[in-house]
Amino acid sequence: MNSKKSIGALALLTAGAFALTACQQGSASGGGGDSEDGAVTLQFQSLSDQPATQEAIQAAVDSWNSDNPDVQVEIIQAGWDGAYDKLITQFTGGTAPDIIHFEAASIVAFAQDGYLADLSEGLSEETIADIPEGIWDSVTVNDEIIAYPSTMQSYVAFANADLLEEAGVEVPTGDSMSWDQLAEIAEATTTDDVYGLGWGLGSPAATVMTLAPGFGGDFFSGSGDDVQIEVGDAELEVPERIHEMAYEDESLDPVSLTQSGSDVLASFYGGTVAMTVQGSFQAANMANDAPEGFNWVALPPLEGSEGALQAANPQTYSVNIDSEHVEEATAFLDFFASGQTLAAIAQADALIPASESAREVVATETGGEDGWEQILATADGMVGAPFLQANGYAEWKETVLNPALQQYLGDQISSEELATQLTDGWG
Amino acid sequence: MNTNMKTPLPVTVLQYLALGGFLLFLGFPVLWIVSASFKSSAELNSLSANLIPNEWVFTNFTTALERQNLLSSAGNSFLVAVSTMVIAVIVTLPMSYALARLRGKLRAAGTVWILATQVFPQILIIIPLFLVLRTLMLNDTLLGLILVYVTFTLPFTLWMMQGYVAAVPRELEDAGSMDGASRFKVLVHIVFPLLRPGLMATAMFTFVSAWNEFFLALVLLQSPELFTLPITLRAFLGAEGQTQLGPLAAGAVLATIPSLIVFSFLQKKLTGGMLAGAVKG
Amino acid sequence: MSAPAPALAPPSGGSPRRKAGLGPRQKAERREAIALVIPALLPIIVFSMIPLLAGVYLGFTNATLARNAEIEFIGFDNFVQLAQDKQFWDSFGIGLVWAGSVAALTGMSAIALALLLNSKLRFKSLTRIIVLIPWAMPPVVTGILWRMIYDVNSGPLNAALGWFGIDKVNWLGDFSTALPAVIVVGIWSGLPQTTVLLLAGMQSIPGELHEAAALDGANGARRFWHVTLPGLAPVLIAITSIDFIWNFNDFGIVYVLTEGGPGGRTMIPPLFTYLEAFRNREIGYASAMGDVLVLAILLILSIYLVNQFRQNKEGRS
């Protein structure tokens, strides 16, 4: 009985392992295929959830489909939540679609694992020239362009103009605003009932990493599996300045440091914080949700010692390397990358277009209103950041970076301890 | 069951107080989400903490119903949940009896398997499971999803049902056997009726689990027309934590109603078991 | 287990023929067992056993999720590496506190609630439905809902405390209150189900036992102790142990509420498994974590469950 059982178990084990290996090798059958009349069908998995965005994408696809009867594109609507888990199962299981919408920080992992096609040959020169190099860096892996960057967000400071006026502070204008200026205004506007600044840093990692380039904070050098970490003064500058405002100047609401960005917006609308740093897309929500007569303005891009730089993490469109029609899929992306289409998508999602032509369209169409002028200005400082290329960043971010920053911003540890935790936690 | 005793008044008062506490704890958050579903986006993003919305809006419900093909995915979910419930109950009943009553290695192996499936992180099973389904051409089908749900709820239903079987005194069965009834008859006429409350509870479990399950549906289904309700609901959670709170709350409130209807239906049967027991006694 | 207090019940189990050796009866029993088990066994083997064993096996390999990755058997290397993974083991303690408190508190509250629902109070059918709503609520909103309840500035909890002049508490953001606050949510979402299962267990206890006890003059508390609780024991043990496992394994609710914060106070082991398997794509190493989790949890539970088995045996032979 016993031996019978163990043989049975072994057989099952082999079957399972076999199924796994067998299918890992034969992962080429994903995506769309050829229909009977010889036309190619490409599956295009899109995550966009705003109705206006979906319309803009549908319009672009419809126009492609009528121009190219031989290469039909079919939109598969999916959602952002759980998108990574869905994609990794699709890739490993060999059923990933041909064209894949996602974001740079997450798609790079799939490129490193060899699942994405190189687009550098298939995209036209105009398309490539239309996007600044810094943004291309964020989607370049091993010298291959593994995605077309479409739209992105930046971090922007918003201010309650009335509270600034009450405090006798002039609303800053110009091309940029230094961190010192931010701290000064925050101090000037802080009263018994009002904090100068509210900053939703419940999960601080993304914000800190995005703003670090402004002070030359790279954190990582090298790429792939061979990545070194360095946490020096440049890297610590952003968290230290936030910490200083919260605990020395007492001009930044420490409770907001444990909240989400949207939570802090409620305080901003309620007039208990005079300024707030938010993802640029929140401008659209402010236009909708702010109480009547609430007088908000977007402030100029935040400038550190190295300039008003921020790490670019654009949304992306990639092509599955196992697609039977990589060439056609890339050609579609090149068509999709038109200024009009991306401008429409960007406005519907309240995001910044990566391409210069689309940015011009947005600037004209919005007239720079509702914060668009300042938001579009941040695009000039977008750079590729080394953390995008570091294998193991995602786990380090969740298990080391976020907890350590939470402890530091909660005033539980010193900045030296922060640096030690970050360094020791890597690798 | 306190049919034979008068409960003293202070005890009754205490009982009502305790019950009130439980109702507040369990019910208030539900009221809060119902209230949120009627609030405007501006009010949800303000500092006010009112249970009664300042201004009642119904746009959350219309947005939820219009934009995210909520109804067709609710249809898929209902098909999946009911099938899962029926199949799971049918296969659970005999095997749980075997697990509880029969001696030997089967029981030990069953117990270890049940616990191992529950402890081993689901995330690690997903990819082998996906490959098995693909081999059987069941990926991206509702049938595949139903079979997976049945299998994934089985450990729990078996685990619970064998507990209920164990709670049935053996004497009742033995008495039946002595009267000359076959094992099968003993099962059908004596054991299974006593298991009805437990069976109803496990049926509720399988229905709700399948109705609300998100992760397996997310990775196993690819075609939007097959999406189940939780996938559609999650579409209100956008990129970068841009949650559309109002429509999400409205969708959640709507999504809760079918489960509650099934609950109240099964609940009656659950209580029915008590009556049957009392009549027999 | 069906061994109610001796004074109250007929002598339990113990028919000598069960001890009798091999015979036609036993063979018939085996045949019956097979017939009873087959319908459930088929899907179990295909959709559960095979993936599970494949998953367990991967822990002994260097498998990754890369395209065309080659899988090599590497013995215990992953486990040696895992033994030195300090973060993983640190989170273990948090996981045990989290799962243990949720399971224990849920179990106790559920007994109380099930007794209340089972007694002669008014509005029973209404309260029974209200109590079930959290169970029916889609899990995706549970986390978001409780974030609203716990919100520092606009949450009803702090508003209510404000009526009594109590200062605002940053429930999920404060280092000392985060874990307890999350545990309360765990209880909220697990209580209805546990209560229903216990209620069903109470319904299954034959009325004769209660009546016999009542005739013997046992009061409510005594009858609970001598009839209800022993009768409920198998169900109670089953549900609390499964509650423990589920909560230990489910980082979803914790993650939505706190994202592991503040400062890692609510980071539990399955989060590491997820990050390692899907984000780092090191499925081999992650599976080793899974294997260790299975062993550790089974070990912890066996202390609890061996008891049940022993009682079971006593009840039978």
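Helices (H or I, at least four residues) and strands (E, at least two) are DSSP runs, numbered from the N terminus. Everything below comes from a predicted model, in which local features need pLDDT of at least 70, side-chain atom pairs count only at pLDDT 80 or more, and totals for chains, interfaces and linings use all residues. Residues are numbered from 1 along each chain as its sequence is written, while chains are lettered from A and ligands numbered from 1 in the order in which they are written.

**View 1. Helix H6 of chain B and the residue just after it.** Here Met137(B) takes a positive phi of about 55° just after H6(B). The helix itself covers residues 122-135, and its 14 residues reach 20 Å from first C-alpha to last. That is close to the 20 Å expected at 1.5 Å a residue, where the expected span is 1.5 Å times one less than the number of residues.

**View 2. The kink at Pro128(B).** H6(B) has a kink of about 25° centred on this proline; the bend is the angle between axes fitted to the seven residues ending at a residue and the seven starting there.

**View 3. The surroundings of H6(B).** Because 13 of its 14 residues are buried, H6(B) is largely enclosed by the rest of the structure. Buried means that 20 or more other C-beta atoms, placed from the backbone, lie within 10 Å of a residue's own.

**View 4. Where chain C meets chain B.** The contact (C-beta atoms, placed from the backbone, within 7 Å) takes 96 residues from chain C and 95 from chain B. Helix H1 (residues 24-58) of chain C gives the largest share of its side, 17 residues.

Notes: Contact = placed C-beta atoms within 7 Å. Buried ≥ 20, exposed ≤ 12 C-beta atoms within 10 Å, placed from the backbone.
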